[in-house]
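Open the model in your viewer and keep the selection tool at hand. We will begin with the whole chain and then step down to single residues.

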Amino acid sequence: QVQLTETGGGLVQAGDSLRLSCTASVRNFGDYAVGWFRQAPGKKREFVAAMSWTGNNRYYANSVKGRFAISRDHYKTSVWLQMNSLKREDAAVYYCTAADIMLESERLASDREYAHWGQGTQVTVSS
């Protein structure tokens, strides 16, 4: 069982930046596709960003494209989500997720592709 732990959430002002981190409990985390999803109160969980297992393909929700960036380190079992120019509507609990699949497709934007989820980290954006 893969355990994912997110850190880096907090309270920021609109326009600020924040970097979320996700660490995994497996040594071969570099072989996993990874993603970030978020869920705001009263709303469904939504896709934010994903990266294929090779790192060759990255996918973003239209609402964060150009502001957020997903990255990973194949040697240190970590994935990051750099969030710039934060808006109030970005406030949510952010979840790191991973899938042991060799997929290079926009299917990575679907939460059904992922078997492993972290507990989430809260991001609050004030105006």
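Select the charged side chains first: in this predicted model, the chain carries 15 positive and 12 negative ones. Colour the two sets separately and mark the centre of each; the two centres lie 3 Å apart.

Now switch to a surface view. About 6,800 Å² of the chain is exposed, and carbon and sulfur atoms supply 44% of that area. Of the 127 residues, 46% count as buried.

Go back to a cartoon and colour by secondary structure. How many helices and strands does the chain have? There are 0 helices and 11 strands, so the radius of gyration is a natural next thing to compute: at 13 Å it is close to the 14 Å that the globule rule gives for 127 residues, which makes the chain as compact as a globular protein of that length. Along its principal axes, the C-alpha trace spans about 40 × 25 × 25 Å. If you draw a contact map, look far from the diagonal: among contacts between residues at least 6 apart in sequence, 60% join residues at least 24 apart.

Next, select residues 68–73, which form strand 7. Show the side chains and turn the strand around. In a regular strand the side chains alternate between the two faces of the sheet. Here Phe68, Ile70 and Arg72 make up the covered face, while Ala69, Ser71 and Asp73 belong to the uncovered one.

Add residues 78–83, strand 8, to the selection. The two strands run antiparallel and are joined by 6 bridges. To see one facing pair, pick Arg72 in strand 7 and look across to Val79 in strand 8.

Step back to Arg67, in the loop between strand 6 (58–60) and strand 7. Is Arg67 buried or exposed? Its relative accessibility is 12%, under the 20% cut-off, so Arg67 counts as buried. Leaving aside neighbours within four places in sequence, show what Arg67 touches: Gln82, Met83, Asn84, Ser85, Leu86, Lys87 and Asp90.

For the last stop, select Asp31, in the loop between strand 3 (18–24) and strand 4 (33–39). At 34% relative accessibility, Asp31 counts as partly exposed. Beyond neighbours within four places in sequence, Asp31 is in contact with Trp53 and Asp100. Finally, draw a C-alpha to C-alpha distance from Asp31 to Thr121: these residues are 90 apart in sequence and 24 Å apart in space.

Key:
Residues are numbered from 1 along each chain as its sequence is written. This is a predicted model: local features need pLDDT of at least 70, side-chain atom pairs count only at pLDDT 80 or more; totals for chains, interfaces and linings use all residues. Side-chain values use heavy atoms; hydrogens and water are left out. Buried means under 20% relative accessible area, exposed over 50%, partly exposed in between (1.4 Å probe, protein chains only). Helices (H or I, at least four residues) and strands (E, at least two) are DSSP runs, numbered from the N terminus. Two strands pair if DSSP finds at least two bridges between them. The radius of gyration is taken over C-alpha atoms; the globule rule is 2.2 Å times the number of residues to the power 0.38. Contact means heavy atoms within 4.5 Å. Accessible areas come from the Shrake-Rupley method with a 1.4 Å probe; for residues, only the protein chains shown count as cover. Lys and Arg count as positive and Asp and Glu as negative; His and the chain ends are not counted. The place of a charge is taken as NZ of Lys, CZ of Arg, CG of Asp or CD of Glu.
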